[in-house]
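This report describes a single protein chain. Please have the sequence and the coordinates open while reading.

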Amino acid sequence: MKKIMATFKANYKKPTYWAQIIGSVLIIGLAVSTVFFGVKIDTNAVVLVITAVGSILAFVGVITDNSILEDTGNTIKTKSNTFASTEQTVVEALAEAQAKIEAANSAAASQAEAQASQAVVAAYSQAASAAAVGDTATASSAATLASSLVASLDSDAQSDAKAASQTAK
């Protein structure tokens, strides 16, 4: 925290410092809204938003005779293409990370389904073995377990299908 305060005190009168902070906030905000909230923003719109913010800051700086604010706005306007390019890079990185997370979740779900199927096979196998040796209590118990596992798998499959159809809408 002390380092942040020292940096602030050393730079708060520098327009490039404020341009970097405002640019970073804009980039992060636009990237998050694009990736996580599905807002469709193309590069031209990003440049327009950043240029508009810079113009507003410069305008307010001129009206209030605040040279730091005016210079910050002008710096943001000048660097709008660079900021837009950075925002696109951040969006691509976030989208890639999100895709990797979804793939990992999908792989984990597939593995869980395979393990559940193996449990069903094992329960039916145990029921068959117990029935073959005449242990009706164990056979009945294993058969009941197997059928409840199958019912659970069917329920999960129906939930997944319903969720997939709702996502497709």
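The text below goes through the fold, the helices, some residue contacts and a surface patch.

**Overall composition**

The model is predicted. The secondary structure of the protein chain amounts to six helices and zero strands. Read from the N terminus, the order of elements is α-α-α-α-α-α. The chain has 169 residues, and 21% of them count as buried.

**Helix α3**

Helix α3 covers residues 43-63. For its 21 residues, a rise of 1.5 Å a residue predicts a span of 30 Å, and the end C-alpha atoms are indeed 30 Å apart, so the two values agree. The buried residues of α3 are V46, V47, I50, G54, L57, A58 and G61. Viewed down the axis of α3, these buried residues fall within an arc of 100°, and therefore they line one face of the helix. The other side of α3 carries exposed residues, namely N44, L48, I56, F59, V62 and I63.

G54 belongs to α3. Its relative accessibility is 0%, so G54 counts as buried. Between the C-alpha atoms of G54 and L69 the distance is 9.4 Å, with 15 residues separating the two in sequence.

**The α3-α4 loop and helix α4**

D65 sits in the loop between α3 and α4. Although D65 is not a glycine, its phi is positive, at about 55°. Most residues other than glycine have a negative phi. This position comes just after α3. D65 is exposed, because its relative accessible area is 71% and the cut-off for exposed is over 50%.

N66 caps the N-terminal end of α4. In this cap, a side-chain oxygen of N66 lies 3.1 Å from the backbone nitrogen of I68.

Helix α4 takes in residues 67-78, twelve in number. From the first C-alpha to the last, α4 reaches 16 Å, close to the 16 Å expected at 1.5 Å a residue. T72, G73, T75 and I76 are buried in α4. Around the axis these residues cover an arc of only 160°, which puts them on the same side of α4.

What does the side chain of T75 reach? It reaches the backbone oxygen of D71, at 2.8 Å. T75 is placed in helix α4. With a relative accessible area of 17%, T75 is buried, because the limit for buried is under 20%.

**Helix α2 and the loop after it**

Helix α2 comprises residues 15-35, and S33 lies in it. S33 counts as buried, at 16% relative accessibility. A polar atom of the S33 side chain lies 2.9 Å from the backbone oxygen of L30.

F36 is found in the loop between α2 and α3. Is F36 buried, partly exposed or exposed? Its relative accessible area is 47%, so F36 is partly exposed. F36 and A95 are 59 residues apart in sequence, while their C-alpha atoms are 8.7 Å apart in space.

**Helix α5**

E87 is found in helix α5, which runs over residues 80-132. At 1% relative accessibility, E87 counts as buried. Its C-alpha atom is separated by 9.2 Å from that of G29, and the two residues are 58 residues apart along the chain.

The C-alpha pairs mentioned above are collected here.

| Pair | Sequence separation | C-alpha to C-alpha distance |
|---|---|---|
| G54 and L69 | 15 residues | 9.4 Å |
| E87 and G29 | 58 residues | 9.2 Å |
| F36 and A95 | 59 residues | 8.7 Å |

**Surface patch at the N-terminal helix**

Which residues form a nonpolar patch on the surface? The patch is formed by M1, I4, M5, F8 and Y12, and together these residues have about 540 Å² of accessible area. One of the patch residues, I4, is found in helix α1, which covers residues 2-11. I4 counts as exposed, at 55% relative accessibility.

Conventions: Residues are numbered from 1 along each chain as its sequence is written. This is a predicted model: local features need pLDDT of at least 70, side-chain atom pairs count only at pLDDT 80 or more; totals for chains, interfaces and linings use all residues. Side-chain values use heavy atoms; hydrogens and water are left out. Patches are made of residues with over 30% relative accessible area and no salt bridge: like charges are joined within 9 Å, nonpolar side chains (Val, Leu, Ile, Met, Phe, Trp, Tyr) within 5 Å. Accessible areas come from the Shrake-Rupley method with a 1.4 Å probe; for residues, only the protein chains shown count as cover. A salt bridge is a side-chain nitrogen of Lys or Arg within 4 Å of a carboxyl oxygen of Asp or Glu. Helices (H or I, at least four residues) and strands (E, at least two) are DSSP runs, numbered from the N terminus. Buried means under 20% relative accessible area, exposed over 50%, partly exposed in between (1.4 Å probe, protein chains only). The expected span of a helix is 1.5 Å times one less than its number of residues. The arc is that of the directions from the helix axis to the C-beta atoms. A polar contact is a pair of N or O atoms within 3.5 Å; within protein, one must be able to donate a hydrogen and the other to accept it, and residues adjacent in sequence count only if both atoms are side-chain atoms.
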